[in-house]
Amino acid sequence: MKKVVPAAEAARQIPDGAVLSVSSSSTLGCPDAMLKAIGERFTTEGHPRNITSLHPIAAGDVYGVKGMDHLAKDGLLARVLAGSYPSGPSSVEMPEIWKMIVEDRVAAYNVPSGIMFDMHREAAAHRPGVLTKVGLETFVDPNLQGCAMNDKGAAAPIVNRVAFNGETWLHFPNVIPNVAIIRATTADERGNLTYEHEGAYLGGLEQAICVRNNGGVVIAQVKRVTANGSLRPHDVRVPGHLVDYVVVDADQKQTTETAYDPAISGEIMRPWDSFSLANHGIEKVIARRAAMELRRGMTANLGFGISAMVPRVLLEEGHPDAVTWAIEQGAVGGVPLTGFAFGCASNADAFVPSPQQFIYFQGAGFDMSFLSFLEVDVEGNVNVSKLGKKPYLTAGCGGFVDITARAKNIVFSGWFEAGAKVKLLDDKIEIAEPGKFTKMVDEVEHVTFSGKRAREQGQNVLYVTERCVIALTGNGLVATEIMPGVDPAEHIVGPSQGRVQVAENAKIMPKALLADAPMGLAL
């Protein structure tokens, strides 16, 4: 059988009621041409109908690569489980998938990315689903939302609380995919796949094995096809016996707004001085204070937002490789990239498949995690996964829940107040105008991180803001360090309505944090 076929022919292999598993991370590794072909087939033929799509990490973005939006059509998409969804600023139009979710036109779930990969592993081995403690006491827990994003999702639960061996666990019954859509760089005529231009392997191998073991169809989108025997066996990441069809898209992007950068795929190494540094400002000050928690030789995880600036702080301070960074898409070492290229790294030491990276995260093998927050409540709970008024401004939880479930040390970074005007002076900050509202609330809209469970497990948790460093204690949120220029009563206790108290022995943070020059960070 000839494996290389047009995208339209591959799309015709997908039956009504299929369960699709799609490998992607925004535009990184996104098989967009194949997803487009499925949407076009539905528009012209009315098939496939009533599919379920599984996305361990989001497919597509809001900047020109539609990804899962190609599937966001009434009658085509019946159910979607995703670790994350396309997101962007309020200045862009809401993605079609988000319209379907908020209008309750599709049963939608936000499932932690690591659990999504676990679900593929368990279904591949014909075991009875995922048994995990990841997500307990968060929105993943059926005692809260059980991952459901709308009423249709809540009406068909996908997770249960169960007792096993005297302990409480979450159980995700198998959702078995019968179609996998993955992406690579090169395929030979037998369907062997190599990833030499990709910025990550993601979970394509595991998704292909799962579908193959359950009698389904595996479709691979690639940039090019080569002759049999021309690929080195050590370079093949997905062997051809797992692949049924190959679709060629010579124009597939490496990542959002990047056609191809060999530094992202590890083919070249960039000089350290070629990386841009963080712009001087309040968010850089926050990232600097977060960086002070690091020690040379640590391995640290990194999330989106202010936290993504921490590696740039180390670069400026002359410590480019003092810390090994590990990100959920799979890069280990090097410098995680920011902006549109977030999820990639340059000068990486290795690329680990995402499912194995998440096993590492879930078991807390790393030393430190740097993440961001939208809001924090009096219990220390953090929300990063839901904004009711503008839902598509957040991508959902992604790997956040997996990473924080057992992490030994967590630093959350963010603004104390939304919309405050803060002046950065040489020796202090000046709060010129108060914000519209505090990020320190009575109860978060969505529990993405459980402060209660963190205290029970003895996790060390800090919240770094432009005004203070807050510790999660048995007595709640306590500011232990104050930024120069901040009045504790007026700028911390007052705006938070007493939700954040100030320690009697609170220290003043070093003025070097504020300087428009390296701060002299020693690791």
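Which hand does the crossing of H4 and H9 have, left or right? The crossing of H4 and H9 is left-handed. The close-ups below begin with that contact and then move on to other parts of this predicted model.

**Close-up A. Helix H4 meets helix H9.**
Here helix H4 (residues 113–124) and helix H9 (residues 354–362) have axes that come within 9 Å and cross at roughly 120°. The two helices are therefore oblique to each other. On the H4 side, the contact is made by Ser113, Gly114, Ile115, Phe117, Asp118 and Arg121. H9 brings Ser354, Pro355, Phe358, Ile359 and Gln362 to the contact. Sorted by class, the residues where H4 touches H9 are five nonpolar, four polar and two charged.

**Close-up B. Helix H4 meets helix H6.**
As a reminder for this view, two packed helices are described by the angle between their axes and the distance between the axes. For H4 and helix H6 (residues 204–213), the angle is about 35° and the axes are 8 Å apart. H4 passes H6 in a left-handed crossing. From H4, look for Phe117, His120, Ala123 and Ala124, which meet Gln207, Ile209, Cys210 and Asn213 of H6. This contact of H4 with H6 is made up of five nonpolar and three polar residues, with no charged ones. Phe117 may look familiar, since Phe117 is also listed in the contact of H4 with H9.

**Close-up C. Parallel strands S2, S3 and S4.**
Strands of a sheet pair through backbone hydrogen bonds, either parallel or antiparallel. In this view, strand S2 (51–55) pairs with strand S3 (residues 77–82) in the parallel sense, over five bridges. A handy landmark is Ile51, which stands opposite Leu77 in S3. S3 also runs parallel to strand S4 (residues 107–110), and four bridges join the two. There, Leu81 stands opposite Tyr109 in S4.

**Close-up D. A cis peptide bond ahead of strand S2.**
If you follow backbone torsions, pause at the peptide bond from His47 to Pro48: the bond is cis, with omega near -5°. Pro48 sits in the loop between helix H2 (32–45) and strand S2 (51–55).

**Close-up E. The loop between S5 and H5.**
Two details of this loop are worth a visit. Cys147 lies in the loop between S5 and H5. Phi of Cys147 is near 75°, a positive value in a residue other than glycine. The other detail is a salt bridge between the side chains of Lys133 and Glu167, with N to O at 3.7 Å. Lys133 belongs to the loop between strand S5 (130–132) and helix H5 (151–154), while Glu167 is in strand S7 (residues 167–172), so the pair ties together parts that are 34 residues apart in sequence. The structure holds 27 salt bridges, including this one between Lys133 and Glu167.

**Close-up F. A four-stranded open sheet.**
This open sheet has four strands in the order S12-S9-S10-S13, and the pairing is mixed. Strand S12 (224–226) and strand S13 (236–238) are the edge strands, each pairing on one side only. Strand S10 (residues 193–194) runs antiparallel to S13, and two bridges join them. To find your place between these strands, start from Thr194, whose bridge partner in S13 is Val236.

**Close-up G. A three-stranded open sheet.**
Another open sheet, of three strands, has the order S23-S22-S29, again with mixed pairing. Strand S23 (382–383) and strand S29 (440–441) stand at the edges with a single partner strand each, so one side of each is left without a neighbour in the sheet. Strand S22 (residues 375–377) pairs with S29 in the parallel sense over two bridges. Val376 is the residue to look for here, standing opposite Met440 in S29.

**Close-up H. The hairpin of S26 and S27.**
The last view shows a hairpin formed by S26 and S27, with four residues between them. Strand S26 (residues 421–424) and strand S27 (residues 429–433) pair in the antiparallel sense over four bridges. Val422 has Ile431 as its bridge partner in S27.

Notes: Residues are numbered from 1 along each chain as its sequence is written. This is a predicted model: local features need pLDDT of at least 70, side-chain atom pairs count only at pLDDT 80 or more; totals for chains, interfaces and linings use all residues. Side-chain values use heavy atoms; hydrogens and water are left out. Axes are lines fitted to C-alpha atoms, for helices over the stretch in contact, and angles run from 0 to 180 degrees between N-to-C directions. Angles under 35 degrees count as roughly parallel, over 145 as roughly antiparallel, 65 to 115 as roughly perpendicular and the rest as oblique. A crossing is left-handed if the near helix is turned anticlockwise from the far one by less than a right angle, and right-handed if clockwise. Contact means heavy atoms within 4.5 Å. Ala, Val, Leu, Ile, Met, Phe, Trp, Tyr, Cys and Pro count as nonpolar, Asp, Glu, Lys and Arg as charged, and the others, Gly among them, as polar. Two strands pair if DSSP finds at least two bridges between them. A salt bridge is a side-chain nitrogen of Lys or Arg within 4 Å of a carboxyl oxygen of Asp or Glu.
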